[in-house]
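User: I have a model open and want to learn to read one helix and the core around it. Can you walk me through it?

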Amino acid sequence: MASRLLHRLRHALASDGPGEAAAGPEAEPFPESSELEDDDAEGLSSRLSGTLSFTSAEDDDDDGAGDSDDDDDDDSEASPSSLSPGDAASGEDAGECGSAERSPPPDGQRGGQLLARQLQDFWKKSRNTLVPQRLLFEVTSANVIKDPPSKYVLYTLAVMGPGQSDRQPAQISRRYSDFERLHRNLQRQFRGPMAAVSFPRKRLRRNFTAETIARRSRAFEQFLGHLQAVPELRHAPDLQDFFVLPELRRAQSLTCTGLYREALALWANAWQLQAHLDTPFGPDRPLLTLAGLAVCYQELEDPAEARAFCEKALQLLGDKTPHPFLAPFLEAHIRLSWRLGLDKRQSEAQLQALQEAGITPIPPPSLKELLIKEVLD
């Protein structure tokens with residue numbers, strides 16, 4: 001699409017110069033108004049910036065007649081052969097060049113070539129510099145879920161930080177309505193930054209075709225990447241909730257029902273998500289996640305791993321004002337250290353100081369008890 005627009009602009013500019021008469025029958029007529037509507041400048045700008053645009057006229061055709069042209073021209077606009085300086089020359093000009101030195105191109109044609117080169121350079125630079133990404137997102141699967149009376153597509157995305165090959169990718173599974181809710185909430189709170197963020201609109205039909213699912217998968221990857229590239233949006237509570245909150249709720253529910261092995265996988269994934277996001281969640285969610293990991297490992301008879309996560313939590317708490325999770329973590333650390341025959345004196349002294357100061361009851365609540373009672377908003 002972009003290459004066709006460049007071709008038309010080049011001919012329009014060339015028509016103002018002295019070479020107009022020499023163009024002959026090969027000159028392309030100015031496009032009809034219907035063609036211009038299909039090649040809207042906003043869609044071109046979005047494509048050049050690395051963000052898919054779903055506002056072109058092809059998407060209005062539910063029969064799919066115009067879908068084949070959607071984004072197939074992106075690579076062709078950077079091709080030297082499609083934008084060669086002499087491709088607008090007429091047959092008469094070519095004949096003259098065979099016997100004499102080539103004359104300089106007309107001013108209008110030179111202007112068209114300059115515009116083409118400028119757009120080429122902009123496209124090449126924008127691939128890597130226009131929208132820098134802190135995180136990488138990839139839709140690894142998209143499954144149609146039939147849950148009568150509803151039917152929807154569940155998109156599974158891998159979340160990975162660039163250059164973090166030592167970390168396992170985290171995963172999230174979300175449906176279209178989850179993405180749409182996030183987009184709507186952010187638009188309401190951040191009108192300015194969200195004005196440049198594209199989002200695939202709803203369709204009345206053909207929501208479950210392979211083409212629609214593939215295009216939405218690509219759009220969701222770029223949507224999340226764009227949000228992560230804008231600091232004001234990256235730290236938005238709604239975006240943090242979108243990534244982590246559903247995982248924490250499912251993990252907590254499985255832990256409460258005693259399905260510790262299934263819950264452990266969700267707690268571990270939530271911990272990976274928070275590590276990749278690297279955003280200021282505050283201590284509550286990381287501490288809750290560490291509590292879930294410690295409880296599950298303890299119930300699955302792995303005291304060494306349970307103790308390791310207790311130590312991470314105690315390091316996170318540090319010397320700050322006593323947190324409701326501090327005494328339960330100290331109590332769990334003491335018990336697990338005793339079981340493994342490891343030093344527990346520092347934790348015992350710290351817990352005793354809290355009890356003598358009246359900050360925590362005797363005995364303190366267990367991690368499992370606190371985990372079950374925690375309300376996730």
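Analyst: We go from the whole chain to one helix, then to the core. Keep in mind that this is a predicted model.

User: What secondary structure does the protein have, and what percentage of its residues count as buried?

Analyst: The protein has 16 helices and three strands. Of its 377 residues, 41% count as buried. Among contacts with a separation of 6 or more, 63% join residues 24 or more positions apart.

User: How do I check the length of helix α14?

Analyst: Allow 1.5 Å a residue. Helix α14 runs over residues 326–340, so its 15 residues should span 21 Å. Its end C-alpha atoms are 21 Å apart, which agrees. Just after α14, Gly-341 takes a positive phi of about 70 degrees.

User: Which residues of α14 are buried, and what covers them?

Analyst: The buried ones include Leu-326, Phe-329, Leu-330, Ile-334 and Leu-336. His-333 and Ser-337 are buried too. The cover includes α12 (284–299), α13 (303–317), α15 (345–356) and α16 (367–373).

User: How should I think about a nonpolar core?

Analyst: In soluble globular proteins, nonpolar side chains tend to be buried together. Here, the largest nonpolar core has 68 residues. Phe-329 and Leu-367 are among those with the most contacts inside it, as are Phe-223 and Trp-267. Helix α12 gives the largest share of this core, nine residues.

User: What does Leu-367 touch beyond its neighbours within four places in sequence?

Analyst: Its contacts include Pro-328, Phe-329 and Ala-332, all three of which are on the buried list of α14. Leu-367 also contacts Ala-291, Ala-294, Val-295, Cys-310 and Phe-325.

Key
Residues are numbered from 1 along each chain as its sequence is written. This is a predicted model: local features need pLDDT of at least 70, side-chain atom pairs count only at pLDDT 80 or more; totals for chains, interfaces and linings use all residues. Side-chain values use heavy atoms; hydrogens and water are left out. Helices (H or I, at least four residues) and strands (E, at least two) are DSSP runs, numbered from the N terminus. The expected span of a helix is 1.5 Å times one less than its number of residues. Buried means under 20% relative accessible area, exposed over 50%, partly exposed in between (1.4 Å probe, protein chains only). Contact means heavy atoms within 4.5 Å. A nonpolar core is a set of buried Ala, Val, Leu, Ile, Met, Phe, Trp, Tyr and Cys residues joined through side-chain atoms within 4.5 Å.
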